[in-house]
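Subject: Structure for your review

Dear colleague,

I am passing on the structure we spoke about, and I would be glad if you could look through it alongside the notes below.

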Amino acid sequence: MTDRPDAVFDLGLQAERTALAWQRTALAVAIGALVAGRLAVPVFGAGSLAVAVLGVVGAVVVLVVSRRRYRAVHQSLRARGDLAAVRSAGAPIAALAGVGLLVALLALAFVLLR
Amino acid sequence: MDEGAEDVPDEAPTDRRFPRRVYRAGREPDPRFSLANERTFLAWIRTSLALVAAGVALEALDLPIADGLRLAGALVFIVLGLLAPAQAWLGWAATERALRQGRPLPSPRLGLLLAVGTTVAGLLVLVGLVLR
């Protein structure tokens, strides 16, 4: 993917650190979904397994998007030194904030309904 | 990285990136700051997940904590977990806007509430453990 090291334009490895932050967030989402799905079986029945599957699929989507974004950030930084060429930086951020809100609402339902 | 900054046109008025409230303000900031802002957003999301996990664990595991206090602690944790993604999104947008306009960065709006709430939840659990 890269023919020159990041250090040429990015001494702090900002792009890579940001990609890693997305990856550990995706990992947290996947593990959280699996544990939540297991815990919720006595309360919500088999439907809770759907939550687990959905969470893992969502985490994979986050991983794929962050991978593509890393590439775009890298190319934009190399081509012009800023992030103006990176498409829709806010969209994955808004989506993930929405997922976080949904997870918290599901947890609220779990605690109140059990 | 700074050499090209002068000849980058101010493209804010026609910038199509989402959200436009952010990207149509000011001019393109140092990319390192934007990426750091993105990581701060992600850290808030993980904080939200941790708060929710704490609340769910209190109720899902069979812990020796007085019932009422345990439920109260769990609810405080989960309500904080609900607020954290809001802080994550609003904080990211406000910070990115401030970066683009060269203004001072906003403080985390819900920071105090989260600190107080986490303390309260911890105290509820502690008292619940003692009373049981």
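What follows is a short account of helix packing, a salt bridge, a surface patch and a peptide bond.

This is a predicted model, in which local features need pLDDT of at least 70 and side-chain atom pairs count only at pLDDT 80 or more, while totals for chains, interfaces and linings use all residues. Residues are numbered from 1 along each chain as its sequence is written, chains are lettered from A and ligands numbered from 1 in the order in which they are written, and side-chain values use heavy atoms, with hydrogens and water left out.

Between the chains, helix α4 of chain A (residues 90–113) and helix α3 of chain B (residues 67–101) have axes that come within 9 Å and cross at roughly 170°; helices here are DSSP runs of H or I, at least four residues, numbered from the N terminus, and axes are lines fitted to C-alpha atoms over the stretch in contact, with angles from 0 to 180 degrees between N-to-C directions. The two helices are therefore roughly antiparallel, a term used for angles over 145 degrees. Among the residues that meet are A:Gly90, A:Leu101 and A:Leu112 from α4(A), and B:Leu71, B:Trp89 and B:Trp92 from α3(B), where contact means heavy atoms within 4.5 Å. By class, this contact has 18 nonpolar, three polar and no charged residues (nonpolar being Ala, Val, Leu, Ile, Met, Phe, Trp, Tyr, Cys and Pro, charged being Asp, Glu, Lys and Arg, and polar the others, Gly among them).

Within chain B, α2(B) and α3(B) pack at about 170° with their axes 7 Å apart, and are therefore roughly antiparallel as well. Their contact divides into 20 nonpolar, nine polar and four charged residues.

Ten salt bridges are found over all chains, each a side-chain nitrogen of Lys or Arg within 4 Å of a carboxyl oxygen of Asp or Glu. In one of them the side chains of B:Glu38 and A:Arg69 meet at 2.4 Å, N to O; because B:Glu38 lies in helix α2 of chain B (residues 31–60) and A:Arg69 in helix α3 of chain A, the pair joins two chains.

Lastly, B:Phe18 and B:Pro19 are joined by a cis peptide bond with omega about -10°, and B:Pro19 lies in the segment before α1 (20–23) of chain B.

With best regards

Notes:
Angles under 35 degrees count as roughly parallel, over 145 as roughly antiparallel, 65 to 115 as roughly perpendicular and the rest as oblique.
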